[in-house]
Amino acid sequence: MVFLPKTRGHGGRGVALVVATLLLGVLAAMPARAVPSFSDQTGEACSACHVGAFGPQLTAHGRAFKLTGYSDGQASRQFPLVSGMAELSLTHTAQGQEGGAASGFGPNNNGAVDQVSVFVAGRLYDHLGVFSQTTWDGVGHHIAWDNTDLRYGREATLAGLESILGLSVNNSPTVSDPYNTTPAWGFPYAAAKLAPHPAAATLIEGGLAQRVVGMTAYGLFADLLYVEAGGYRALGGGPLNTLGVAIADGQVVDGTVPYARLALQHEDLQQSAALGVFGLSAHVFPNNDRSAGTDRYTDVGVDASYQWHPNRNHTLGANATAILETHSLPASVALGLADSASGHLNSYRLNTYYTFQQTYGLTAGVFRSTGSGDAALYGSDPLTGSANGKPNSSGYVLQADWTPFGKTDSWAAPWVNLRLALQYTGYTQFNGASRNYDGTGRNASDNNTLWLLTWLAF
């Protein structure tokens with residue numbers, strides 16, 4: 001089960017559909033021929049923009065490239081190249097999942113092609129570029145649009161300050177963000193699909209991803225202050241079905257969802273740091289039912305990051321995020337989907353990382369979610385539910401990875417990229433308890449997961 005009520009709304013469908021149609025029209029007009037990827041476009045190796053020579057974690061140079069509209073590079077090359085990505089994995093959990101980890105898979109020790117993605121990414125015109133991902137889900141066996149960001153950005157002088165100003169049309173709050181602390185691009189950058197995961201999450205942690213279309217305006221002033229603000233509208237059932245997103249599989253909002261982002265940053269030749277806030281507020285029809293009005297979710301996040309890179313051999317850094325959500329659920333109470341008309345859910349994440357020669361990486365992270373109990377909202381269910389009606393979960397993630405390519409002198413650069421990763425996730429609490437959390441005898445540690453990932457980009 002999903003702890004947050006599944007919802008549906010049609011407010012602003014016309015506006016959202018027009019924006020989505022324009023966006024998809026731009027992408028469809030691009031010729032499917034040998035056009036440049038980001039690396040080919042700039043003439044730089046992947047390691048110039050990505051920590052560890054593999055996305056999505058950005059360096060300062062990578063953040064600047066994103067903010068200037070993905071358009072830096074050779075002006076004679078106008079259109080982006082279609083490129084690809086694939087994730088292949090082997091998943092082992094401490095205890096198997098009765099009935100199978102997913103349809104077509106066994107209870108444990110499952111090998112899978114987790115996903116295959118096609119990207120259209122690069123410069124369109126002066127100051128205008130795109131990052132667009134379409135993904136085939138090898139576990140769910142369906143294809144859908146994924147993270148998409150069409151943006152215009154350019155350098156300017158404003159009130160005597162050297163600045164970058166831009167606009168982004170995208171399909172998920174925080175996809176447009178240049179930092180690796182917000183949900184769309186935060187650690188873990190890839191995770192096991194065939195393992196249990198805590199069911200409760202704040203709305204901004206993917207609850208609206210690919211279900212909305214919005215526009216934000218942003219500016220980076222004096223290389224110090226980053227500001228972004230805009231709004232998102234729901235896509236209706238027709239557009240979502242066309243884009244491969246099931247209407248009943250997640251949140252669909254009513255009206256406009258305002259989103260705002262503010263950050264202070266510092267960058268020099270050896271280090272960078274940022275401290276910021278972000279958030280949204282959304283009205284939601286619970287369980288796709290408009291008969292009782294809407295619930296309201298307000299998410300406020302605080303984030304910080306630090307990166308030290310004294311030379312080409314070493315990169316050390318840390319990312320921290322806290323998201324505080326308050327929700328008012330009068331519609332859910334009226335429909336019998338919640339017991340309490342008000343509550344909260346908080347999410348905390350911290351990770352530290354080290355890379356050597358942009359090739360060998362180690363990351364250690366901890367996570368925790370806490371919230372007010374509600375027996376109806378957080379119901380009991382074998383494996384995925386909460387016997388005590390609480391959403392609390394906590395644990396840690398350890399990852400070691402090897403990325404042999406992605407440097408200037410790499411073989412077949414920039415078209416051959418590989419990351420091999422070994423990731424271990426341990427749970428100290430899961431869906432409300434450490435032991436017998438689901439009421440059928442399953443413990444939090446039974447969901448501990450060892451995951452071997454082969455991640456290809458080409």
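A159 sits in the loop between strand 4 and strand 5. The model is a predicted one. Phi of A159 is near 50 degrees, a positive value in a residue other than glycine. Most residues other than glycine have a negative phi. A159 counts as exposed, at 79% relative accessibility.

Q210 also departs from that pattern: its phi is positive, about 65 degrees, although it is not a glycine. Q210 lies in the loop between strand 5 and strand 6. Here the setting is buried, with 13% relative accessibility. A further positive phi, near 80 degrees, belongs to G69, which follows helix 3. Within helix 3 itself, the buried residues are G62, R63, F65, K66 and L67.

Next come the peptide bonds. Most peptide bonds are trans. The bond that joins G55 and P56 is cis, with omega about 5 degrees. P56 is found in the loop between helix 2 (38–42) and helix 3 (60–67). The bond from F187 to P188 is cis too, with omega near 0 degrees. P188 is in the loop between strand 5 and strand 6.

That loop also holds S176. How buried or exposed is S176? S176 counts as buried, because its relative accessibility is 1% and the cut-off for buried is under 20%. The side chain of S176 makes a polar contact with the side chain of E228, at 2.5 Å. Beyond residues up to four places away in sequence, S176 touches K66, D149, R151, S168, N170, T216, Y226 and E228. Of these, K66 is one of the buried residues of helix 3.

Now the interior. The largest nonpolar core has 30 residues. Those with the most contacts inside this core are L208, V253, V257 and L280. Several strands each supply at least two of its residues: strand 4 (142–158), strand 6 (212–221), strand 7 (225–234), strand 9 (256–267) and strand 10 (271–284). Strand 10 gives the largest share, four residues. Another core, of 17 residues, lies apart from the largest one. Its members include F54, Y70, M85 and F119.

Strand 2 deserves a stop. V120 is placed in strand 2, residues 110–125. V120 is buried, at 18% relative accessible area. S83 is 37 residues from V120 in sequence, yet the C-alpha to C-alpha distance is 6.7 Å. V116 is found in strand 2 as well. V116 counts as partly exposed, with 31% relative accessibility. On the surface, V116 joins L88, V113, W136 and I143 in a nonpolar patch. Together these residues have about 390 Å² of accessible area.

Further along the chain is strand 15 (residues 393–402), the place of Q399. Q399 counts as buried, at 12% relative accessibility. Its side chain makes a polar contact with the side chain of Q423, at 2.8 Å. Leaving aside neighbours within four places in sequence, Q399 is in contact with F187, G361, L362, T363, A421, L422 and Q423. F187 is the residue whose peptide bond to P188 is cis.

The last topic is charge. How many salt bridges does a search of the whole structure find? There are six. One of them joins the side chains of D126 and R123, 2.5 Å from N to O. D126 counts as partly exposed, at 48% relative accessibility. R123, at 6%, counts as buried.

A salt bridge also links the side chains of D137 and K193, 3.5 Å from N to O. D137 lies in strand 3 (residues 128–137) and K193 in the loop between strand 5 and strand 6, so this pair ties together parts that are 56 residues apart in sequence. D137 is buried, with a relative accessible area of 17%. K193 counts as partly exposed, at 32%.

The side chains of R261 and D303 meet in a salt bridge as well, 2.8 Å from N to O. R261 lies in strand 9 and D303 in strand 11 (residues 295–311), so the pair ties together parts that are 42 residues apart in sequence. R261 is buried, with a relative accessible area of 2%. D303 counts as buried too, at 5% relative accessibility. Salt bridges that share partners join D177, R261 and D303 into one network.

Definitions and conventions:
Residues numbered from 1 in each chain as written. Predicted model: local features only at pLDDT ≥ 70, side-chain atom pairs only at ≥ 80, totals over all residues. Heavy atoms only, no water. Core = buried A, V, L, I, M, F, W, Y, C linked by side-chain atoms within 4.5 Å. Buried < 20%, exposed > 50% of the residue type's maximum accessible area, 1.4 Å probe, protein only. Polar contact = N/O pair within 3.5 Å; in protein donor to acceptor, adjacent residues only side chain to side chain. Contact = heavy atoms within 4.5 Å. Patch = residues over 30% accessible without salt bridge, like charges linked within 9 Å, V, L, I, M, F, W, Y side chains within 5 Å. Areas by Shrake-Rupley, 256 points an atom, 1.4 Å probe, with all protein chains shown as cover. Salt bridge = Lys/Arg side-chain N within 4 Å of Asp/Glu carboxyl O.
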